[in-house]
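User: Could you take a close look at one part of this model, the last helix of the first chain, and place it within the chain and its surroundings?

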Amino acid sequence: MSTRMFGERITRTEDQRLVSGNGRYLDDLGHDALEAALVRSPHAHARIVDIDVTDALEVDGLVAIYTYEDLDGRMAEPLPLLIPHPSLTHGRTQYALAREEVNHVGEAVAMVVARNRYLAEDAAQRIRVEYAPLPAVVGIESARTADHLVHEDVPGNVAAVMVQQTGDADAAIDSAPHVLELELEIERSASTPLEGKGVLARWDDDDKSLLVHTSTQTATSVRQAIAAKLGLPVDRVEVVTPDVGGGFGVKIVHPWPEEVLVPWAACRLQQPVKWTEDRREHFVSSAHERGQLHHVRVGYDDDGRLLGLSVRFWHDNGAYVPYGLIVPIITSTQLLGPYKPAVYRVEFSSLYTNTVMVTPYRGAGRPQGCFVMERTMDAIAAERGLDRTVVRERNFILPAEMPYDQGLVFQDGRQLLYDSGDYPATLAKLKKLVGWDEFEAFRAQAAEDGRRVGIGLACYVEGTGVGPYEGGHVRVETDGSVVVSTGLTSQGQGHATMLAQIVADELGVPFDRIRVTTGDTRRFKYAVGTFASRTAVMSGSAVALTARKVRDKALRIASTALEAAVEDLEIVDGRVQVAGAPEAGIDLGTVAVLSNPLRYAFDEAAGAATQFATPADPNTPPVEAGEAPGLEAVDFYSPTRSTFANGMHAVVVETDPDTAEVRILRYCVVHDCGTLVNPMIVEGQIHGGVAQGVGGALYERLVYDEHGQLLNASFMDFLMPYASEVPTIEIDHLVTPSPLNPLGVKGAGEAGVIPGSAAIAAAIEDAEQVTIRRMPISPSELFDLRRKRT
Amino acid sequence: MKPSPFTYHRPASVGEAVATLAGLGGSGKVLAGGQSLVPLMSMRLSAPDHLIDINGLAELDMVEVTDGTVRIGAGARQARVERDPAVREAVPLLGQALANVAHPTIRNRGTVVGSLVHADPSAELPAVLLLLGGTMELRFPDGVREVAAADFFLGPMSTAVRPGELAVAARFPRQPAGSGSAFVEVSRRHGDFALCGVAAVAVTDPDGAITSARVALVGVGGTAVVVDVTPAVRGSGGDLDPSARDGLVDGHVDPEGDIHATADYRRQLARVLTGRALEQAVVGARNGGRRR
Amino acid sequence: MNITGTTTLTADRATVWKALNDPAVLVATIPGCRRLEAVGDDTYRMTVSAGVGSVQGVYDGEVRLSDHEEPSSFRMHAQGSGAPGTIGADVSVRLEDHPDRGTVLSYDADAIVGGMIGGVGQRMLTGASKKMAEEFFRNVDAVLLAGTSPVAGEAQPDVPGAPQPAPAVAPGTVFTAPAAARRAGPGFATGVAVGAAAALLGALVGGWIAGRRR
Amino acid sequence: MTTETQVHVSLVVNGTRREVDVPARRLLSDVLRHDLGLTGTHVGCEHGVCGACTVLVDGAPMRSCLLFAVSVDGAEVTTIEGCCAADGSLGPVQAAFRDCHALQCGFCTPGFVTTVTAYLRENRAPTEAEAREAISGNLCRCTGYQNIVAAVLKSAEATVSEPANGDPA
């Protein structure tokens, strides 16, 4: 067997292109295309009285202006509610262009198409929209009191109320020796990838077909949505994902208004049309996340063991809910982390506000849940006077208890059943890595120098690799190279490298002979998308299964050609040979030739497969029953339920006694995502996740005023961390293979971000002896907390 | 986010630039480094009908260090001034302040005079000009006028520059011999505008006693504010009495709260950073004054 | 955003009241006010060219005065929009006799700033607006001190032969500002907040962005 | 509105003279990307904060989204495409970014590579702290910067040995 690729730190095949400026992102395409700009609402809530485009018509280079009035057929209907749920009793979604009412600042009201973006913006600026402002509902409190309604047909602004429980939690809490109640809040943030969204559509009137490039996390589903909206046969629409400059969740939502408007305009104008989202548009019209308010009631015994846990929380879903209840459902279930409260009850309300809609952002409700659970653990430890790690250990689910049934229904509608994990071992590794037991000595030393330091930790369990399925296609070309494709998309996770590593091992071909394509519906039409840390689990398993099929077929064909038993054959470096007698063998390329009986020889290799060249039995069909021409296969992986990765972070901070500035001295991560396909890539995912966790804890928040104006809609005031704000991250791995999939892998994409706010809040609290119940926290806010304390 | 159309002027001389500006009345806007103006234009918050580009004017791209002053032309980039050894020797505070101005990439294009004319209440450079008692040189068709820093900054974003006038240079007096200086600030992220920033100049006598201690604070009012804390010097030892120092600062700052920090927190920073800046400045002064 | 302030004017309450409710005075004292058209009782359409520093914009809007309690208080409601953004303001103005002489004016403005400016104009909002409010009152005070009613002065109805604006202004009457007033510095008109807000927005955004990278 | 007047702009881009006629308001970033087809320069915010559009103008890193092309008429511009080695293979900074896994989605990478290329000419042997400082004007949402810092240090070693690489022609 050739050197094993699985588990190796292979540098990425994508990078040669990307570091030399040869990436192809959405706006790098379609130089011949007309460009679109949108007129967006400056009001959070208003009726549209009149739209006057007269002035805009004078703009040189203007091609078209569209408003709701122009939308026909299903384009005139609201965009789809992607994930319906029985509890989502009042689901509302937006129109591609606002109809009579706008429900958040930034909602699209009109689309301008012009010769280029400059001219499109000239025209957009000259369109006069007359609005009749309505009272805005902003923030959870104003949504709950419901003095005003976002949607007049949605009483109380309540989109959904959902309850899950494993027993009578209140009774358990009431009879517990100790009870605590906490109010915990996380503010709004957003994915903010460096590349915004973008769509390029080309209509071929001769072929009556539409080719759409879009910066999305799901090409196959965008394809279906466009076909449905434009009333085109699905087979006339193809969607291709170019290089995507980051997604982090915001690009899994679809179709964005522009994803149907731009193709629709391209069909009408019979010219290519492109829209590239600018940064301001991204802030006011692409999805946000995180904003939730939680009330916790917990009962526990003298040792800090959880006897009953009851959580009630309010989720600000913004103006619309196209993505259903995924975020709050994840919070309500993943909140439990590695712990096993005797009884658990959770109830949440998903509330409408006149703000940008809320859909998953990396972590997807888990950072909130982790913050709630871990703050609760710290509060119990403080109240009991116990070490924070001890309280956690006492509540851990033990390895012997795996698989562990939490008795809840997860975001995929399946049982919340942990497949594997060793939480005590993870914690032991973390304590060692950060030096938990030596910290008091360090604190004392620091205190002597007049420095304030603190340490905190947080644990999480993450359901990864949710279904329903992903598939793979693997084909050996006659030159021996291998093409692999899977339907989900890539936004920089190194999928092409990771999947090639898997195929290289399964098929026995050199890594550099493998080319991987993702997110191109011309190549693979059945897929779900890239989210929930699912690519390695889903597409990784799918291409592994597919490669095995191809391998079996190669061996069958080769055994005839080599007149050797399949069992005696092996594939080494792209060559099928008899084990122990490598001189007797044929290249996979030749096997590919033989797999495809030919009448015509288009090249020399093909000649070997023509009807007079092969010594085939004239009395059997050239393609045997049950076989198909070509050395290729398609297969799918569809697990019964998710696999559960876990991890624990510890943070050491120093706070400035005068300015209340917070500096992270150490950030330690112990991470268990099962087997690692490429540790370099997994660590990169953790680094990036932690940076977003640090941002969410200390810098990033989206601030709305009471009128629904987003006050920091730019990179100048939305404080995404620079290198100067992100600490060096120390990582240790634990490997508990998943029993659920052929590779033993678990997802790793979101993990890093989950415990950030919880761990950093704990560390600051430990340094400052203040009580932190709300994140993020700024120096100014810490300064206020200090004053309240004194 | 693309700018509105405008008529572009590239004058061949300062005279032509001034004539063009004057001819346009209020409708002309000067483009120097453009690190503030261009994003404003891309957001269409600024849409001048005419843009007068002075980047090509060699006569403005100069830094003159004389016995008395450092004169910086409107074409001189912040990065160049920051690195100029003669400037560092004559007015160390300028380099100390420039190191806090955004990021190096911005300083490669941004100009010192452009920043002064922009008059942002959180900008570092106006504090330096005010603290050192510098002047601005304003050209108009019939001549030049010098405006003292104290009369130049009228409020947030507003200065004494009249329509049709071109700020051609800024003059920074040499820091007194035996003086030390420092600039410290707190911002949310490295390179962001300061929540509060303090420029300090201290002078000590041969025995190390403080004879003069002055600061200029940014981010705590409509313009940078100068505070003379010399009265807080405590008798013989010649050190500053912290509470007296804080009292003087409190009397001069009137910060506003915003989404990044409350007014109270800014007041706290004003005190703390004044203390830190002066501490560094005094150390500098006691180590033989302007560091060479 | 909420802006409140108090200032003392030299003139007596009645005079100040009259001035702040006299479109001819307003059009002359609101910096950058190009045009003020009476479209009904106490309702005016206006065009203001305002801004600070690099940020200039032309804003069109409508203003309505209400809740008159002569000579002690009135409310003002304004909606306006221009390229940089939109403004909606609700201002209540109170006039009290100064114990010695003159008038103490206090205002309480609640403004909604929308559009591009709404998202990037935050940093110096209150500070700049207060400063500009003071400037505006200095202007008004100056006009009143000078004693020359702008009505008899440079600001004239554009409608030929229109009567001098009486307390009730005939709909359709258009006032234009004296050239001088158009280029005056920024000001915050509690009387007519559109101009104010416009100027104010300008200042804020300009300063704010500049703050990030000078 | 009538057709905008075009201004002539002449630039030396990656060693080659390029001439374009564009409106005065055309940003250098758009000229490079859409008029000259050098799409390696990316636009992440158009207000000068993210640094993705950073190119070298007469050797100094600048935000191409904050420059009107006409205002740098006659300048020498180096883009990410010009940071390759003379033979077209990866330059030392580019290679270090690949080897250190200093990029994920790659959108911000060109701005980092140009910035680092210029920085290493001034400081050939940065400490880790200096390396971090050197890239602290550029935003990356994927990597957490740790591997980018490593790449700066690695390319410093490489550039010391082969000084010519990455320099504009």
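Analyst: In this predicted model, the secondary structure of chain A amounts to 19 helices and 29 strands, and 61% of the 790 residues of the chain count as buried. The radius of gyration of chain A is 28 Å, which agrees with the value near 28 Å expected for a compact globule of 790 residues, while the C-alpha trace spans about 95 × 70 × 50 Å along its principal axes. Among the contacts in chain A between residues at least 6 apart in sequence, 81% join residues at least 24 apart.

Helix 19 of chain A covers residues 779-789, and the domain assignment places 640-789, together with 292-466, in domain 2 of chain A. Within this helix, P779(A), S780(A), L782(A) and F783(A) are buried; because these residues cover an arc of only 165° around the axis, they lie on the same side of helix 19 of chain A. An α-helix has 3.6 residues a turn, so residues three or four places apart point the same way. The face of helix 19 of chain A that is turned away from the buried side carries K788(A) and R789(A), which are exposed.

As for what the buried residues pack against, the partners within chain A are strand 26 (643-655), strand 27 (662-672) and helix 18 (756-768), and to these is added helix 11 (263-286) of chain B. The buried side of helix 19 of chain A thus packs against elements of chain A and of chain B.

Elsewhere in chain A, the assignment gives domain 1 (32-134 + 197-244 + 251-285) and domain 3 (468-595 + 630-637), whose C-alpha centres lie 39 Å apart. Their contact takes 14 residues from domain 1 of chain A and 15 residues from domain 3 of chain A. On the domain 1 side, helix 5 (219-230) and strand 11 (237-240) of chain A each supply at least two residues, with helix 5 of chain A giving the largest share, four residues. The residues of this side divide into five nonpolar, six polar and three charged.

Chain A also touches chain D, in a contact that takes 46 residues from chain A and 48 residues from chain D. The elements of chain D that give two or more residues to its side of this contact are helix 2 (92-99), helix 3 (109-122), helix 4 (128-134) and helix 5 (146-161), and the residues of that side divide into 21 nonpolar, 19 polar and eight charged.

Methods
Residues numbered from 1 in each chain as written. Chains lettered and ligands numbered in written order. Predicted model: local features only at pLDDT ≥ 70, side-chain atom pairs only at ≥ 80, totals over all residues. Contact = placed C-beta atoms within 7 Å. Nonpolar A, V, L, I, M, F, W, Y, C, P; charged D, E, K, R; others polar. Rg over C-alpha atoms; globule rule 2.2 N^0.38 Å. Buried ≥ 20, exposed ≤ 12 C-beta atoms within 10 Å, placed from the backbone. Arc of directions from axis to C-beta. Domains from an automatic or database assignment.
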